[in-house]
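Me: I should like to learn how to read the features of a structural model. May we work through one together?

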Amino acid sequence: MKPTITLVILVALALSGCMTTREARVDSDYSYRGNFRRYRTYDFVSGTGLTSDSSRLGQSLREAIQQRFMAQGYKLARRRPDMLVNFRVYEGDMNFHGFQQEDLSQWIKRNIEETDETPKEDRQGYQPVRLLLAEGTLLVTLIDVKTNRAVWNGYASGVTVPEGPMGEIVLKRSVRSILDRYRVFTEEFANGNISPSGASDADR
C-alpha cells in the first residue's frame with residue numbers, strides 16, 4: 001500500500017468481531033477453501049454493470065487488473081479459466097461484512113487449505129468484522145470457477161471517481177492498492193519457469 005495515495009487511505013486498526021468503523025481503508029479477506037497454489041488463469045465476469053462496461057473507466061479497471069496479474073504470472077484465458085474476476089464501484093457509504101485473518105501469503109505458506117473432507121475440529125474459524133465503508137467503495141472479487149465460490153475479496157473505501165482522465169487515475173491507483181493485498185504468484189512464475197507475457201491463453 002502507498003501512503004501517498006490521497007483518495008484511498010489505509011487506516012490500520014485492530015478490529016474485534018463486533019466493532020464498526022467509518023474510516024477509509026484498503027483491506028481484503030479470503031476463503032480457507034481457496035486453491036491459491038493452483039490458480040494459473042483468469043477471465044472477467046461477463047454480464048451487466050461495470051465489468052462489461054466498454055467505456056474508458058471500465059477498460060481502465062480491466063487493464064489495471066491485467067497488468068498486475070501478468071506481473072504475477074497469471075494468464076488471461078477466454079476458455080476454462082481457473083478464476084473469474086468481478087469488480088464493482090459502490091457509491092456512498094456501504095455496510096460490509098469482512099473477516100479478521102492473517103496475511104494471505106502467510107496462510108498459503110502454512111499449507112492448510114480446507115476441503116469438504118477436512119474434519120470440523122480441524123477447520124479454522126472465521127472472525128467476522130462489521131465495517132461501514134465510507135465515501136464510495138471499489139470491490140474486487142476472485143471466484144473459483146471449479147467450485148463457483150468467491151475465494152478472495154479486496155476493497156478500497158474513500159473512492160470518489162471524478163469525470164475525465166482523473167477518474168481513470170483514481171481507479172487504477174485503487175486497483176493497485178487492493179491487489180497489493182493479493183501477493184500470490186503462480187507456482188511456475190515463482191519457480192522461474194515462465195516469464196510474464198501479455199498474450200492471452202485463449203486456447204485453454
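Me: Is threonine 137 buried or exposed, judging by relative accessibility?

Reply: The model is a predicted one. A residue counts as buried under 20% relative accessible area. Threonine 137 has 1% relative accessibility, so it counts as buried. This residue belongs to strand 7, which covers residues 137-144. Leaving aside residues up to four places away in sequence, threonine 137 touches Arg88, Val89, Tyr90, Met94, Tyr155, Ala156 and Ser157.

Me: How many helices and strands are there in the protein, and what pattern does the protein follow along the sequence?

Reply: The protein has four helices and eight strands. Read along the sequence, their pattern is β-β-α-β-β-β-α-β-β-β-α-α. Of the 204 residues, 42% count as buried. Among contacts between residues at least 6 apart in sequence, 77% join residues at least 24 apart.

Me: How should one read the packing of two helices, and at what angle do the axes of helix 1 and helix 3 cross?

Reply: Angles under 35 degrees count as roughly parallel. The axes of helix 1 (residues 56-71) and helix 3 (residues 165-179) cross at roughly 30 degrees and come within 9 Å. Helix 1 is therefore roughly parallel to helix 3. Their crossing is right-handed.

Me: Which residues make the contact between helix 1 and helix 3?

Reply: From helix 1, the contributors are Arg56, Leu57, Ser60, Leu61, Glu63, Ala64, Ile65, Arg68 and Phe69. Helix 3 supplies Gly167, Glu168, Leu171, Lys172, Val175, Arg176 and Leu179. Sorted by class, this contact has eight nonpolar, two polar and six charged residues.

Me: Is valine 170 of helix 3 buried or exposed?

Reply: Valine 170, located in helix 3, has 3% relative accessibility and therefore counts as buried. The C-alpha atoms of valine 170 and leucine 57 are separated by 9.9 Å, although these residues are 113 residues apart along the chain.

Me: How is a pair of aromatic rings described, and how many such pairs does the structure hold?

Reply: A pair of aromatic rings is described by the distance of the centres and the angle of the planes. The structure holds 16 aromatic pairs. In the pair of tyrosine 74 and tyrosine 182, the ring centres are 6.4 Å apart and the planes stand at 40 degrees, so the pair is tilted.

Me: Where do tyrosine 74 and tyrosine 182 lie in the chain?

Reply: Tyrosine 74 lies in the loop between helix 1 and strand 3 (75-76), and tyrosine 182 in the loop between helix 3 and helix 4 (187-190). With their positions 108 residues apart, the pair links distant parts of the chain. Both tyrosine 74 and tyrosine 182 are buried.

Me: What does one look for in phi, and what is the value for arginine 80?

Reply: Most residues other than glycine have a negative phi. Phi of arginine 80 is near 50 degrees, a positive value in a residue other than glycine. Arginine 80 is found in the loop between strand 3 and strand 4 (83-90). At 60% relative accessibility, arginine 80 counts as exposed.

Me: What is phi of asparagine 148, and where is the place of this residue?

Reply: Phi of asparagine 148 is near 60 degrees, a positive value in a residue other than glycine. Asparagine 148 sits in the loop between strand 7 and strand 8 (149-157). With 64% relative accessibility, asparagine 148 counts as exposed.

Note on methods:
Residues numbered from 1 in each chain as written. Predicted model: local features only at pLDDT ≥ 70, side-chain atom pairs only at ≥ 80, totals over all residues. Heavy atoms only, no water. Axes fitted to C-alpha atoms, helices over the stretch in contact; angles between N-to-C directions. Parallel < 35°, antiparallel > 145°, perpendicular 65-115°, else oblique. Left-handed = near helix turned anticlockwise from the far one by under 90°. Contact = heavy atoms within 4.5 Å. Nonpolar A, V, L, I, M, F, W, Y, C, P; charged D, E, K, R; others polar. Buried < 20%, exposed > 50% of the residue type's maximum accessible area, 1.4 Å probe, protein only. Phe/Tyr/Trp six-rings, centres within 6.5 Å; stacked < 30°, edge-to-face > 60°.
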